[in-house]
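The following note sets out numbered comments on the structure shown below. Each point takes up one residue or element in turn.

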Amino acid sequence: MSLSRLLPDSTLSLLARGYAWLPDRMRRTTGPLVRARLLGKPTVALRGPEAVRFVYDERHVLRGPALPEPVKSTLFGHGAVHTLDGEAHRVRKAMFLSLLKSPRNIAGLVGEVTAAWDEAAARWAERERVVLFDEAGRVLAGAVCRWAGVPLEEAETGSVTRDLVAMVDGFATPGPRHWRARSARRRREAWLASLVEEVRDGAVSVPEGSVVDVVARHVDADGERLDARTAAVEILNVLRPTVAVCWFTAFAAHALHRWPQHRARLAEEARAGAGHHGSGGAYAVAFAHEVRRFYPFAPFIGGLAAADLTWRGEAVPRGALVLLDIHGQDHDPTLWEDPYSFDPRRFLDRPPERDELIPQGGGDPAAGHRCPGEDVTVALLTALSARLSLLEYEVPEQDLRIPLRRVPSRPRSGFVLANVRPPG
């Protein structure tokens, strides 16, 4: 009998401690891995660039079978690219890479988002207070739908935004947030499945090369087009992660408030025209990377051991749950000098190594399960951080704590801005 089978189940401890659970277990462990039990399953947890390469090698770990039903019914969707491995995954993933790795497409989306932000900021000036998390979500939802070819009336933007946010907000928790996420997914899958059917029937036209067009025409590894519901799932897997940048936007505002010395440098760079139309240059990119490293987003990712394995002399049995400690690695003192200090300068001298900074997973996005939209996230956060630095506002008294028990976490207040004054 393996040692992990004798361990008490840690599921309730994980739910209670959130982001802190696995890093704390790592600190208390003297060996190369943590052994535990989650949902009754033998579990091992790893950390570090070498572990990233180990976990993202499909000869070692399969991601698809490890996704729990609650995550598929909220965050990713049943039949999504995340549930596939091998050739099926690579063919489906290539569709996303064609959409989300193209510099032209990324620039187009950033342009849509920044134009929507500038319009929204002018309206914020007419209100006494705004909640940045909510407003950024609305900006991102409207912009990504336009860019993706999803017809969206202005009156619908609020409800679509709430549903896309809910899918992210409720995937890792029991209770009302989780059930809101399930309802939101059912509603938006039905909405987009109808759109796909209308596009295929010729009743609705969308721009050639748009997300809706590409997904509707995609032929999978089996030579068949996606059924309408699965196509809807994959369209949502472009819309939802884009809207999730509202988490990082709130974190960026939090960082500028706690460490205001960064605002002047970001603003100076933006005013000088660094980047494209003030969207941010080298310091804004470094700031975006540090926001993604420093603040909590994904606690870990998991997969199932594909065979009886060995990690640094320790046995990992076939079928065991294998976790990669994302939050812990992004704060690992062996990788990051003074990891609990917020310091964008660490990314000015060199860009982050592929398997060091892993807030959205690790490995090669073309060959594995790393998020194909990571470049989009960085570009959007770079542009919005630069715009935040140029925006004048007050930060009224509010609860800015970021609870590590809540997954995904965010400032409790959503980050309230008062007396907003857009740049002239």
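1. In this predicted model, W124 is buried, with a relative accessible area of 1%. The residue belongs to helix α6, which covers residues 103–124. Apart from neighbours within four places in sequence, W124 is in contact with W117, V130, L132, E135, L391 and V420. One of these residues, E135, also engages W124 through a polar contact between the two side chains, at 3.1 Å. As a further reference distance, the C-alpha atoms of W124 and T161 lie 18 Å apart, with a separation of 37 residues in sequence.

2. Helix α5 (residues 86–100) has regular dimensions on a simple check. A rise of 1.5 Å a residue predicts a span of 21 Å for its 15 residues, and the C-alpha atoms at its ends are 21 Å apart, so the expected and computed values agree. The buried residues of α5 are G86, H89, R92, K93, M95, F96, L97, L99 and L100. These buried residues pack against five helices: α6 (103–124), α7 (132–148), α10 (211–217), α11 (228–243) and α16 (374–390).

3. The three-stranded sheet is open, with strand order β4-β10-β9 and antiparallel pairing. Strands β4 (129–131) and β9 (392–394) form its edges, each pairing on one side only. From one strand to the next, the average twist is 45 degrees. On one side of β10, the antiparallel pairing with β4 rests on three bridges, and R129 faces A418 of β10. The antiparallel pairing of β9 with β10 (residues 416–421) involves two bridges, and E392 has R421 as its bridge partner in β10.

4. A second open sheet contains five strands in the order β1-β2-β8-β5-β3, and its pairing is mixed. Its edge strands are β1 (34–38) and β3 (61–62), each of which pairs on one side only. Strands β1 and β2 (residues 41–46) run antiparallel and are joined by five bridges; R35 is partnered with V44 of β2. At the other edge, β3 and β5 are antiparallel, with two bridges between them, and V61 is placed opposite A305 of β5.

5. How many of the residues of strand β5 (residues 301–305) are buried? Five of the five are, and β5 is therefore largely enclosed by the rest of the structure. Besides its pairing with β3, β5 runs antiparallel to β8, to which it is joined by four bridges. Within that pairing, G302 has L323 of β8 as its bridge partner.

6. Helix α2 (residues 21–28) lies across β1, β2 and β8 (321–324). Relative to β1, the helix runs at about 140 degrees. The three strands that it crosses belong to the five-stranded sheet of mixed pairing.

7. R177 is located in helix α9 (residues 176–201). Is this arginine buried or exposed? R177 has a relative accessible area of 16% and is buried, because the cut-off for that class is under 20%. Beyond neighbours within four places in sequence, R177 is in contact with D169, G170, R406, V407 and P408. At V407, a polar atom of the R177 side chain lies 3.0 Å from the backbone oxygen.

8. A search for disulfides across the whole structure returns zero. C145 takes part in none, and the nearest cysteine sulfur, in C246, is 14 Å away. Why does C371 not form such a bond? The closest cysteine sulfur to that of C371 is again in C246, and the distance of 15 Å is too far for a bond, since a disulfide requires the sulfur atoms to be within 2.5 Å. The two cysteines have separate accessibility classes: C145 is buried, at a relative accessible area of 1%, whereas C371 counts as partly exposed, at 24%.

Notes:
Residues numbered from 1 in each chain as written. Predicted model: local features only at pLDDT ≥ 70, side-chain atom pairs only at ≥ 80, totals over all residues. Heavy atoms only, no water. Buried < 20%, exposed > 50% of the residue type's maximum accessible area, 1.4 Å probe, protein only. Pairing = 2+ DSSP bridges. Axes fitted to C-alpha atoms, helices over the stretch in contact; angles between N-to-C directions. Polar contact = N/O pair within 3.5 Å; in protein donor to acceptor, adjacent residues only side chain to side chain. Contact = heavy atoms within 4.5 Å. Expected span 1.5 Å × (residues − 1).
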